[in-house]
Amino acid sequence: MTGVAVESHLRAVRESGRKILVTYVTGGLGPGWVDVLEAMVAAGADLVEIGIPYSDPVMDGPTIQEASSRALAQGANPASILDALAGAQVAVPLVAMAYYNVVFRAGHARFARMLTDAGVTGAILPDLPLEESAGWEADASAAGVAPVLLAAPVTPDERLAEICRRSHGFVYGVNLMGVTGERASVAASAGVLAKRLKALTDKPVIMGFGISDPAQAVAAAEEADGVVVASALMRQLLDGADPDEVGDSVQAIRRALDG
Amino acid sequence: MDDPGPEGRFGEFGGRYIPESLVPACLELEKAFRTAWSDPAYRKRLDDLLRDYAGRPTPVTDAARLSEALGVRVMLKREDLTHTGSHKINNVLGQGLLTLEMGKTRMVAETGAGQHGVASATAAALFGLECVVYMGEVDTERQALNVFRMQLLGAEVRPVRSGSRTLKDAVNEALRDWVATVETTHYCLGSVMGPHPYPWLVRELQSVVGNEAREQCRILLGGADPDLVVACVGGGSNAAGTFAGFVGTGAALVGVEAAGGSAIGHGIPGVLHGMRSYLLQDEWGQILEAESISAGLDYPGIGPEHAYLAARGRARYTSASDAEVLDALQLLSRTEGIIPALEPAHALAWLVGATRRGEVEAGSTVLLTLSGRGDKDAETVMGLLS
């Protein structure tokens with residue numbers, strides 16, 4: 001599959017006046033996970049994160065942990081996940097979400113090539129901070145993979161500027177201090193961080209972590225260019241929902257964001 | 001052993017592979033420790049606590065009957081005689097003081113065998129800090145007594161049900177807690193592992209073991225250093241503290257891992273829990289589960305400085321099997337009247353085997369760190385021997 005470049009696509013969505021909706025699916029979670037991906041795109045997702053399951057996902061809460069361990073128990077690995085994408089019919093960018101050891105073990109260049117061969121054009125590595133990521137950023141960029149960096153509510157101003165400068169595709173703002181997972185409301189820190197990021201960069205700013213429903217998506221997107229919804233959709237899938245039902249949830253969020 | 005610098009590197013190993021949310025806290029901790037470690041007032045407070053509260057210096061016991069049995073002269077560094085019964089107290093007193101210095105009111109810790117959990121709960125009680133200890137569910141079962149001890153000390157023990165439900169998963173859960181609570185909470189990491197500054201910080205706090213032992217050996221050996229220095233290695237804190245005292249001498253250094261958790265023997269370089277080191281992992285980088293009768297050595301990685309010492313050949317790492325460990329534990333109990341914890345029984349088990357195989361020359365002098373006492377393992381050992 002030929003990939004869609006991340007940043008130009010997201011800028012086009014932003015210029016059309018819409019908020020960017022990013023969804024997430026754990027790669028290899030059940031035989032129908034690519035159908036889930038296609039349903040998400042059909043329902044209006046502008047970009048989909050493909051979670052590469054890992055044995056020790058320290059930034060993830062119980063839902064993504066469960067999705068990851070289930071996928072691993074079903075035999076998923078980066079090669080099988082990326083191979084399965086070959087037949088996917090989607091016209092939006094796909095971005096891998098992977099913990100660094102998976103990338104390190106495969107080797108930067110090899111992993112980046114595996115991504116581009118599968119049409120994946122970006123990668124988010126949540127446990128690779130600025131000090132450790134220069135090598136990966138260079139190898140990823142050389143292969144045509146946008147290295148997306150994360151910013152946190154506690155990141156001081158000078159680091160935030162550096163993250164904005166070095167992140168490609170978009171800047172991923174972490175809404176709250178904590179791990180991924182559904183929450184009762186959007187953290188107050190979300191709007192503050194989104195505003196700080198928007199003041200520093202023209203790259204798309206997308207906020208994630210703890211966004212569970214359409215109303216929360218609208219609230220979290222207020223100061224940003226878009227939002228990521230992950231755990232709430234994976235919860236549905238883990239509880240037995242089919243791709244169409246997950247698509248319905250994505251569509252509800254899409255409608256709310258489009259007002 | 002060297003200061004790993006602001007990037008926390010021991011050669012290619014170490015580093016700080018953590019989510020952005022935790023970077024400011026690790027930078028703050030490094031700064032606080034650098035300041036404290038060169039501050040005579042902090043050092044005095046710590047030294048006073050180590051002496052008056054923990055019972056330091058611990059003795060070195062010239063183990064005559066064991067020596068006779070093995071044909072080498074064995075000297076035991078008696079960390080089993082500290083308050084709480086293991087070397088873990090050295091680290092938590094230092095980190096407890098740092099927690100106060102940083103103005104934090106809560107600490108979280110991970111524990112395997114429970115020794116670090118008990119030590120953390122102890123320090124928290126002493127300093128008036130709230131304490132939550134994460135412990136793999138498997139370990140809460142095999143170390144039920146230590147769970148109760150932590151609760152008596154006022155700590156909350158949270159069983160971890162994810163992954164292999166052992167030490168590695170307890171670290172994951174402590175990190176998840178810390179990401180959400182970092183403004184008020186210090187992560188009191190128990191070994192020479194994790195993101196910078198922990199491997200260095202914990203080694204410095206444990207170096208008291210090796211520094212004392214070196215001077216004590218010189219008294220016993222008429223000014224000489226031992227030929228061989230041996231310690232068990234899970235993450236590797238008692239070994240790092242011991243080696244710190246001898247790395248500048250001519251002593252050969254040997255670290256002994258559990259056969260089922262031998263990161264240097266069977267591991268591959270990778271990144272876990274914030275550090276680059278040797279890890280048990282599969283071809284895709286998924287972390288494998290370590291397996292040992294000793295909960296304290298059930299860890300699929302090893303501290304990055306050990307990886308570095310191994311890579312440059314300054315220390316040698318080997319392993320002992322569960323059966324050898326049980327034999328060694330009984331040997332020490334019967335020859336010296338000292339029941340060791342299962343962890344240091346690994347160090348002894350290797351020494352017993354090495355002397356029998358002729359790998360250690362007869363008459364050699366050996367310093368072995370007895371990192372903890374065996375009370376916590378009595379029930380496990382009873383089950384294994386019956």
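Me: In this predicted model, what is the order of the strands in the 6-stranded open sheet of chain B?
Reply: The strands of this sheet in chain B have mixed pairing. Its edges are strand 3 (60-62) and strand 13 (315-320) of chain B, each of which pairs on one side only. From one strand to the next, the twist averages 25°. Reading across, the order is 3-4-14-9-10-13.

Me: Do strand 9 and strand 10 of chain B pair in the parallel or antiparallel sense, and which residue stands opposite B:V229?
Reply: Strand 9 covers residues 228-232 of chain B and strand 10 covers residues 252-258, and 5 bridges pair them in the parallel sense. Within that pairing, the residue in strand 10 of chain B that stands opposite B:V229 is B:L253.

Me: And which helix of chain B packs on that sheet, touching strand 9, strand 10, strand 13 and strand 14?
Reply: Look at residues 342-356 of chain B, which touch those strands, strand 14 being 365-370. The helix direction makes about 140° with that of strand 9 of chain B. That's helix 14 of chain B.

Me: How many residues of helix 12 of chain B are buried?
Reply: Helix 12 of chain B spans residues 304-311 and is mostly covered. The buried ones are B:P304, B:E305, B:H306, B:A307, B:Y308, B:L309 and B:A310. Just after the helix, B:G313 takes a positive phi of about 80°. As for the count of buried residues in helix 12 of chain B, it's 7 of 8.

Me: Over in chain A, which strands pair with strand 4?
Reply: Strand 4 of chain A (residues 120-124) is mostly covered, with 5 of its 5 residues buried. It runs parallel to residues 94-97 of chain A, joined by 4 bridges, and A:L94 stands opposite A:V120 there. It also runs parallel to residues 146-148 of chain A, with 3 bridges, where A:I124 has A:V148 as its bridge partner. So to name them: strand 3 of chain A and strand 5 of chain A.

Me: Is the β-α-β crossover from strand 4 to strand 5 of chain A right-handed or left-handed?
Reply: After strand 4 of chain A, the chain passes through helix 7 (residues 130-143) of chain A. From there the path goes on to strand 5 of chain A, and the crossover is right-handed.

Me: Why does A:A140 count as buried?
Reply: A:A140 sits in helix 7 of chain A. Leaving aside neighbours within four places in sequence, it is in contact with A:A112, A:A123, A:V145 and A:P147. A:F111 is 29 residues away in sequence but 8.7 Å away in space, C-alpha to C-alpha. The cut-off for buried is 20 or more other C-beta atoms within 10 Å, and A:A140 has 25.

Me: Which element supplies the largest share of the side of chain B that touches chain A?
Reply: Here 27 residues of chain B are in contact with 30 residues of chain A. On the chain B side, helix 1 (23-37), helix 8 (167-181) and strand 11 (268-272) each supply at least two residues. That side divides into 13 nonpolar, 9 polar and 5 charged residues. The largest share, 6 residues, comes from helix 8 of chain B.

Me: What ipTM does the predictor give the complex?
Reply: For chain B, the average pLDDT is 95, and 100% of the residues score at least 70. The complex gets a pTM of 0.96 and an ipTM of 0.96.

Conventions:
Residues numbered from 1 in each chain as written. Chains lettered and ligands numbered in written order. Predicted model: local features only at pLDDT ≥ 70, side-chain atom pairs only at ≥ 80, totals over all residues. Pairing = 2+ DSSP bridges. Axes fitted to C-alpha atoms, helices over the stretch in contact; angles between N-to-C directions. Contact = placed C-beta atoms within 7 Å. pLDDT = per-residue confidence, 0-100. Buried ≥ 20, exposed ≤ 12 C-beta atoms within 10 Å, placed from the backbone. Right-handed = clockwise from strand over helix to strand, strands pointing away. Nonpolar A, V, L, I, M, F, W, Y, C, P; charged D, E, K, R; others polar.
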